[in-house]
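Dear colleague,

I am handing over a structure that will be new to you, and I would be glad if you could look through it with the notes that follow. The sequence and the model come first, and what was found in them comes after.

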Amino acid sequence: MTTKHPGPESNPFGFAKTSRAFLSYLDGFMDALVHRDRDTLIAEAGGPASVAAIAVDLVGGFCHAGPLASDRVAALIASVGSAFSHAYARGVRHFAILRDAHDPGTPEFDTFPPHCLASSDESQLVPELLGQLWVNAALDVPKNSLGAWVDDGPFRPWVTDIVARGVTTIVVAGDCTDLCVFHTAMGIRLWASATNRNVRIIVPANLVDTYDLPVDLAATIGAMPHDGNLLHATFLYHLRLNGIEVIRVRYRAGMRRVRHPAGRIAPATRWRSGHTSTQETGGVEEGDSRQ
Ligand SMILES: [Zn+2]
């Protein structure tokens, strides 16, 4: 059966109509993400020595200040800090912290406004995480692109080394789901596939997020819009399509699913705005009063 293509002069897509079934599937995909207990993940790996965890871009420039800062991304700080602290307490010692730390001449600034210049506060890990034991143990990975895998920095040799030494499970958390998280996880995934290495790569949906820039706001600042929830879900789907496990980490038995409150629209000078994620809340340790 052939379908007549309407040609380049007309819109051949009409997603609201033609992709309705897939969008419904995507809703179901997100609702059906399996909840896994964080201790179970360590046990399934064979113990903490076989687990590594990577925090992506929890830096000032994406959380607190600068043109790409986002309340929605900042909300990940407590969740990731708590999850990684728990992993450290259980004996995990392989951690890496990836940080945007740009050279002023990077072509990335043709696409995004200048941000996270190396040595600036924007490129530094957020202060809320400083002093946490997993941070002290982590490999520091400044990067000049969306994906540290293609940098000539320490990230790729580190992954290669820890896998050679028995790491079988790598958890990737942070931001943004469709940008640096995607490229980080996919870099490892493609390398593992190309070299026949059995590496279980996990992206917890409640430990990653992306920014939201509504169409109307984007128009006022001359930026490309970015539907945070849709792209978050689409790229989680795409990670799963590529063999990466997408789960929700369960922090403790009986934790209720809670929606983030709707947030304020960020100033027009901020590309990344909004706080309307449908993720679960995370990062609440047993006995922690932040509930
Ligand atoms: Zn960047």
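Helices, of at least four residues, and strands, of at least two, are DSSP runs numbered from the N terminus. Please keep in mind throughout that this is a predicted model.

To begin with the chain as a whole, its secondary structure comes to 11 helices and 8 strands, and buried residues make up 42% of its 291 residues. Of the contacts in the chain with a separation of 6 or more, 75% are between residues 24 or more positions apart.

A useful place to start is Ala32, which sits in the loop between helix H2 (20-31) and strand E1 (35-37). Is Ala32 buried or exposed? Ala32 has 7 C-beta neighbours inside 10 Å, and because a residue with 12 or fewer counts as exposed, Ala32 is an exposed one. Although Ala32 and Arg248 are 216 residues apart along the chain, their C-alpha atoms are separated by 9.8 Å.

Helix H2, which comes before that loop, packs with helix H11 (residues 228-241) at an angle of about 75°, and the axes of the two helices are 10 Å apart. Since angles of 65 to 115 degrees count as roughly perpendicular, the two helices H2 and H11 are therefore described as roughly perpendicular to each other. The residues that meet there are Leu26, Phe29 and Met30 from H2, and Ala233, Thr234 and Tyr237 from H11. Sorted by kind, the residues of this contact of H2 with H11 comprise 5 nonpolar, 1 polar and no charged.

On the other side of strand E1 in the numbering of the chain, helix H3 (residues 38-45) has Leu41, Ile42 and Ala45 as its buried residues. Seen down the axis of H3, these buried residues fall within an arc of 95°, so they line one face of the helix. As a general point, an α-helix has 3.6 residues a turn, so residues three or four places apart point the same way. The buried residues of H3 pack against E1, E2, E5 and strand E6 (200-204), whereas on the other side of H3 the residues Asp39 and Thr40 are exposed. H3 is followed by Gly46, whose phi is positive, near 100°.

Two further helices can be checked for their length. For helix H6 (residues 76-89), 14 residues at 1.5 Å a residue should span 20 Å, and the end C-alpha atoms are indeed 20 Å apart, which agrees. H6 is mostly covered, with 10 of its 14 residues buried, among them Leu76, Ile77, Val80, Phe84 and Tyr88. After H6 comes Gly91, with a positive phi near 110°. For helix H9 (residues 180-194), the 15 residues should span 21 Å at 1.5 Å a residue, and its end C-alpha atoms are 21 Å apart, again in agreement. Buried residues in H9 include Cys180, Val181, Phe182 and Met186, and H9 is followed by Asn196, whose phi is positive, near 55°.

The backbone has some further details that deserve a careful look. In general, most residues other than glycine have a negative phi, and most peptide bonds are trans. Asp57, which lies in the loop between strand E2 (51-56) and helix H4 (60-63), has a positive phi of about 55° although it is not a glycine, and Asp57 counts as buried, with 27 C-beta neighbours inside 10 Å. Cys116, found in the loop between strand E3 (94-100) and helix H7 (133-137), has a positive phi near 50°, and Cys116 is buried, with 27 other C-beta atoms within 10 Å. Which two residues does a cis peptide bond join? The bond is between Asp175 and Cys176, with omega about -10°, and Cys176 is found in the loop between strand E5 (169-175) and H9.

Finally, Leu130 is placed in the loop between E3 and H7 and counts as exposed, with 10 C-beta neighbours inside 10 Å. Leaving aside its neighbours within four places in sequence, Leu130 is in contact with Leu125 and Val135. Leu130 and Gly81 are 49 residues apart in sequence, and their C-alpha atoms are 9.7 Å apart in space.

With kind regards

Terms used: Residues are numbered from 1 along each chain as its sequence is written. This is a predicted model: local features need pLDDT of at least 70, side-chain atom pairs count only at pLDDT 80 or more; totals for chains, interfaces and linings use all residues. A residue is buried if 20 or more other C-beta atoms lie within 10 Å of its own, exposed if 12 or fewer, and partly exposed in between; C-beta atoms are placed from the backbone. Two residues are in contact if their C-beta atoms, placed from the backbone, lie within 7 Å. The expected span of a helix is 1.5 Å times one less than its number of residues. Axes are lines fitted to C-alpha atoms, for helices over the stretch in contact, and angles run from 0 to 180 degrees between N-to-C directions. Angles under 35 degrees count as roughly parallel, over 145 as roughly antiparallel, 65 to 115 as roughly perpendicular and the rest as oblique. Ala, Val, Leu, Ile, Met, Phe, Trp, Tyr, Cys and Pro count as nonpolar, Asp, Glu, Lys and Arg as charged, and the others, Gly among them, as polar. The arc is that of the directions from the helix axis to the C-beta atoms.
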